[in-house]
Amino acid sequence: MSLLARLKSTSDLKAFSRDELRALADEMRARLIDVCSRTGGHIGAGLGVVELTIALHAVLDTPRDQLVWDVGHQGYPHKLLTGRDEGMETLRQEEGISGFLKRTESPYDAFGAGHAATSISAALGMAVGRDLRGEDFKVAAVIGDGALSCGLAYEGLNNAGHSERDIIVVLNDNEMSIAPNVGAMHKYLTSVQRNSLYNRLRSKIGEIADGMGGKTGVPGTLLRKWEESVKAFLTPGVLFEELGFRYFGPIDGHDIDQLVDTFAAVRELKGPRLVHVITQKGKGFPAGESVEKWHALPPGHDPSTGKQLKASTANPAYTAVFGKGLAELGTLDPDVAVITAAMPSGTGTGAFAKAHPKRFFDVGIAEGHAVTFAAGLATRGVKPIVAIYSTFLQRGYDNVVHDVALQHLPVVFAMDRAGLVGEDGETHMGLYDIAYMLAVPGMTVTAPKDGTELLALLRAGVEQDAGPFCVRYPRDVVPDAVPDLAKIEATPHATWEVLRRGREVAILAVGTMVGPSLEAAETLAAEGLDVTVVNCRYLKPYDELTLTALLADHRSLLVVEEGTVVNGFGAYMASVVERREPSVRVVAHGVPDRIIYAAPRKRQLANCGLDATGIAERVRALHESEAVAG
Ligand SMILES: Cc1ncc(C[n+]2csc(CCOP(=O)(O)OP(=O)(O)O)c2C)c(N)n1
Ligand SMILES: CC(=O)[C@@H](O)[C@H](O)COP(=O)(O)O
Ligand SMILES: [Mg+2]
């Protein structure tokens, strides 16, 4: 029987020998590599924390003790140990095991996440809640070195450090974010970690102590004090100790003995303490460790090489089109600068970074900072493009309003992964950007219907200097063949495109919804219902002339958008039309006001009625209700 199969609860780990724990780690790695080759997912982070996960569950009394994982993308080994081994075959699938941790999935998942750097704050809240209610358990947060580039992590450390609460922070330091980690904190951690002087002194102290009969007795105590002060100078302990934490480490995150012994000792202490653990991201992946590509892999890959088994015949992704166009734009316009918040590959900005390294900035997982930094650049005549996922820009919303919009600064927001994102599920949905950007005074809000229009809108954003400008595009492939950026002209400001002329009902389609709306219109035409289809590439400011013309010869408008229906473009158009032509009915058709969970993107679109079938159905219903109303 495999060791994993023997494990009925995490408390069984306490009876495992150290050799069994090591064998369990090997078994878990093999299982993760195998299962992820079919399901895809965040393989790299999990492989790096196999021993760490085993040690934490072996020492802590989970789920009574609260174990909080930052982001949750490294939670696969935790899932294996907490009753979800079999379910792993459904990882990231509809109604399957989530790719992140979820309170509804298991009592072992103390706190849900998907966005970075929430763990320390959440753990402190739990520790304070425990104390207020007079309860007795431990709370531990595991946070990565990448997440330490995020301001929220310091807010948590700052608050926890001098609180005197009983809380353990485990810093999982693998020198990687998704890409290699960046920033001063990263340099500090690695310079200390690699400090051979400390490592040499530490072993020297050990030798001397052995010669004196160990570290007990008066000379031994002195030696230990000396070691502590050497450590204070040469390890990151100083920084964390100044913040109010007792610091332990750095320790080898793949050495079960060191991990279990350290956590066992640290668990018994009180107050804020931080254990610094050094790990290898992707450890044991047959094709090598610590590689950015192994952060996440698609389903159906070769477990020994990470390569996709079936070559894709699909068109390029919007991200790839954007990335290529961006690099070309950087060549045409020397004032363009690009900013990413730790997502260089995800946002496709690698080609720009390579071609124009001085104008490329990876600021770490620091979305708010990225936005305000861009605002600063814009004050000096630089043309900043913030390439960011829609979901992560939520972190920078105050900065968008306060630092960019109120000062009318021409910052371009290239919002990738806007709309339904598929298997990452609810934490990563880009469903709110239309609503939150439309609400910002002076913000130009746009969405392209295809790759060519994406680049045309990008040009429009960079060529204007009136104020902030955003363009949203999906986690999908483009429907068209895209020419070089130099051959594409900027989309004229505040214009729509009437793609099909009909009567009675006009579909106002936003971005990705243009294609399926045209398809729906063809189906409806075959049934004798002739509808107008408009590509509303500018959501704000909208096209006054075209709207006026539509209001003159249509009885109703169906606004179709891949974003929340609450306060989206449909709601905006309804308020505009109500003032201008109250006899025309406006109906919003977007993502319903509920949480959308993991599933293939196509299924998510269909479930929301945002495919040709769903749109046609909605038009029919609208037309029928108009007919009844006379
Ligand atoms: C707010 C936010 N921005 C960006 C991301 C995308 N992201 C997911 S994991 C990750 C890297 C995290 O690095 P680290 O904390 O060191 O964990 P590791 O993957 O190295 O284990 C990033 C940037 C995110 N999840 N949340
Ligand atoms: C964990 C995390 O936040 C990222 O790794 C995210 O899952 C990337 O999403 P994409 O796969 O859409 O780039
Ligand atoms: Mg890391």
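Here are some friendly notes on the domains, the two ligands and one helix of this predicted model.

1. Let's begin with the overall layout. The domain assignment splits the protein into domain 1 (17–194 + 244–285), domain 2 (196–234), domain 3 (318–487) and domain 4 (497–629). Notice that domain 1 is written as two stretches of sequence, so take both when you colour it in your viewer.

2. Next, look at where domain 3 meets domain 4. Their C-alpha centres lie 26 Å apart, and 30 residues of domain 3 are in contact with 29 residues of domain 4. On the domain 3 side, the elements giving two or more residues are H18, strand S10 (444–446) and helix H19 (451–463). Which of them gives the most? That is H18, with 4 residues. Sorted by class, this side of domain 3 has 16 nonpolar, 5 polar and 9 charged residues.

3. A database record is worth a look here. An unreviewed UniProt entry lists residues 316–480 as "domain: Transketolase-like pyrimidine-binding". In the model, the C-alpha atoms at the two ends of residues 316–480 lie 9 Å apart. Helix makes up 39% of that span and strand 16%.

4. Now to ligand 1. It has 22 residues around it, and those that come nearest are Ala 45, Ala 116, Gly 144, Gly 146 and Ala 147. The shell divides into 10 nonpolar, 8 polar and 4 charged residues. Why can we say that ligand 1 lies between two domains? Because domain 1 and domain 3 both give residues to its shell.

5. Ligand 2 can be read in a similar way. The residues around it include four histidines you can pick out, His 42, His 73, His 295 and His 428. Arg 417, Asp 424 and Arg 475 are also among its neighbours, as are Val 71, Ile 178, Ala 296, Gly 346 and Val 421. By class, the shell of ligand 2 holds 4 nonpolar, 5 polar and 3 charged residues. Ligand 2 lies between domain 1 and domain 3, because both give residues to its shell.

6. Finally, try helix H22 (residues 569–580). H22 has 12 residues and reaches 16 Å from its first C-alpha to its last, close to the 16 Å expected at 1.5 Å a residue. Which residues of H22 are buried? They are Phe 569, Gly 570, Ala 571, Tyr 572, Met 573 and Val 577. Their cover includes helices H18 (433–438) and H21 (544–553), along with strands S13 (504–509), S15 (538–540), S16 (554–564) and S17 (585–591). You met H18 in point 2, on the side of domain 3 that touches domain 4.

Definitions and conventions
Residues numbered from 1 in each chain as written. Chains lettered and ligands numbered in written order. Predicted model: local features only at pLDDT ≥ 70, side-chain atom pairs only at ≥ 80, totals over all residues. Near = placed C-beta within 6 Å. Nonpolar A, V, L, I, M, F, W, Y, C, P; charged D, E, K, R; others polar. Domains from an automatic or database assignment. UniProt positions renumbered as here; feature names shortened; annotations may be inferred. Expected span 1.5 Å × (residues − 1). Buried ≥ 20, exposed ≤ 12 C-beta atoms within 10 Å, placed from the backbone. Contact = placed C-beta atoms within 7 Å.
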